[in-house]
Amino acid sequence: MAKLVSNIFIPLATVFVFFFSPSLAAVEMNRFFRNLSPASLGLQEEKLSHLQFYIHDILSGPRPTAVRVAEAPVTNTSSTFFGSVVMMDDPLTLGPDPNSKPVGRAQGVYASDSQSEAVLLMAMTFVFTEGKYNGSTLSILGRNKVFDAVREMPIVGGSGAFRFARGYVQAKTYTVDRKTSNAVLEYNVYVFHY
């Protein structure tokens, strides 16, 4: 009988200590998360930067930079093109002229997500290829009400020089070709970063 009690007691005691010991639970939680100081990641003082550039959204011609990849059965009869999905890899330039100095790409997707007004869901990343931000990215996710003079969308993150980025962008339509729907858009970016 004593051997039977001993065989049951030792495993039960081990289970109790493992699951109910506060110090063991704390050790397990410390493996899951820990608090860090920004300095431990080499982060300096936070800065606010303003970037301005132009996006060239080219839907026609021999080398489009934006192509429709999906549509709903109602898309082509909808006044808002509801349900259309467009993939983009648009050039970013310093000026509105397409031959202006390239500074990066706007890559991602936009989709018509309103049945009653011209609104796009924008999910895109600015990939910078010039200057001190070369190799860095900023990610945007937001609502673009196309016919508003200025559209504001949030910056949801970034990489490289823009790790821990937050802020917003303001988009303005610079020009639109009514025949082709090709557009040049001015973007002003206001971003907090380290």
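**Close-up views of the predicted model**

**View A. Phe164 sits in the loop that joins strand 7 to strand 8.** Helices (DSSP runs of H or I, at least four residues) and strands (runs of E, at least two) are numbered from the N terminus. The model is predicted, with local features requiring pLDDT of at least 70 and side-chain atom pairs pLDDT 80 or more, while totals for chains, interfaces and linings take in all residues. Residue numbers start at 1 along each chain as its sequence is written, and side-chain values rest on heavy atoms, without hydrogens or water. Phe164 is not a glycine, yet its phi is positive, about 65 degrees. Most residues other than glycine have a negative phi.

**View B. Leu36, Leu41 and Phe164 make a nonpolar surface patch.** Together the three residues offer about 320 Å² of accessible area. Patch members have over 30% relative accessible area and no salt bridge; nonpolar side chains (Val, Leu, Ile, Met, Phe, Trp, Tyr) are joined within 5 Å, like charges within 9 Å. Areas follow the Shrake-Rupley method with a 1.4 Å probe, and for residues only the protein chains shown count as cover. Leu36 belongs to the loop between helix 2 (22–32) and strand 1 (47–57). Its relative accessible area is 48%, so Leu36 is partly exposed. The classes are buried (under 20%), exposed (over 50%) and partly exposed (in between), with a 1.4 Å probe and protein chains only.

**View C. Phe81 is a second non-glycine residue with a positive phi, here about 55 degrees.** Phe81 lies in the loop between strand 2 (66–70) and strand 3. With a relative accessible area of 42%, it is partly exposed.

**View D. The largest nonpolar core holds 28 residues.** A nonpolar core is a set of buried Ala, Val, Leu, Ile, Met, Phe, Trp, Tyr and Cys residues joined through side-chain atoms within 4.5 Å. Phe53, Phe126, Phe128, Leu138, Tyr187 and Val189 touch the most other members. At least two core residues come from each of strand 1, strand 3 (85–93), strand 4 (102–112), strand 5 (119–128), strand 6 (137–145), strand 7 (151–159), strand 8 (166–176) and strand 9 (183–193). Strand 5 gives the largest share, 5 residues. In soluble globular proteins, nonpolar side chains tend to be buried together.

**View E. Leu138 and its contacts beyond four places in sequence.** A contact is a pair of heavy atoms within 4.5 Å. Leu138 touches Met124, Thr125, Phe126, Phe128, Ile155, Gly157, Gly158, Phe162, Ala165, Val189 and Val191.

**View F. Two of the 11 aromatic pairs in the structure.** Rings of Phe, Tyr and Trp (its six-membered ring) pair if their centres lie within 6.5 Å; planes under 30 degrees apart are stacked, over 60 edge-to-face, the rest tilted. Phe32 and Phe33 pair edge-to-face, with centres 6.1 Å apart and planes at 90 degrees. Phe32 is exposed at 68% relative accessible area, and Phe33 is partly exposed at 45%. Phe126 and Phe128 form a tilted pair, with 6.4 Å between centres and 55 degrees between planes. Both Phe126 and Phe128 are buried. One aromatic cluster is made of Phe53, Phe126, Phe128, Tyr133, Phe162 and Tyr187.

**View G. Glu117, Arg143 and Lys145 are linked in a network of salt bridges.** A salt bridge places a side-chain nitrogen of Lys or Arg within 4 Å of a carboxyl oxygen of Asp or Glu. Glu117 meets Arg143 at 2.9 Å, N to O. This pair links Glu117, in the loop between strand 4 and strand 5, to Arg143 in strand 6, 26 residues apart. Glu117 also meets Lys145 at 3.3 Å, N to O. Lys145 lies in strand 6, so this bridge ties together parts 28 residues apart in sequence. Glu117 is partly exposed at 28% relative accessible area. Arg143, at 46%, is partly exposed; Lys145, at 29%, is partly exposed.

**View H. Lys101 and Glu130 form a salt bridge.** Their closest N and O atoms are 3.3 Å apart. Lys101 lies in the loop between strand 3 and strand 4 and Glu130 in the loop between strand 5 and strand 6, so the pair ties together parts 29 residues apart in sequence. Lys101 is partly exposed at 45% relative accessibility, and Glu130 is partly exposed at 36%. The structure holds 6 salt bridges.
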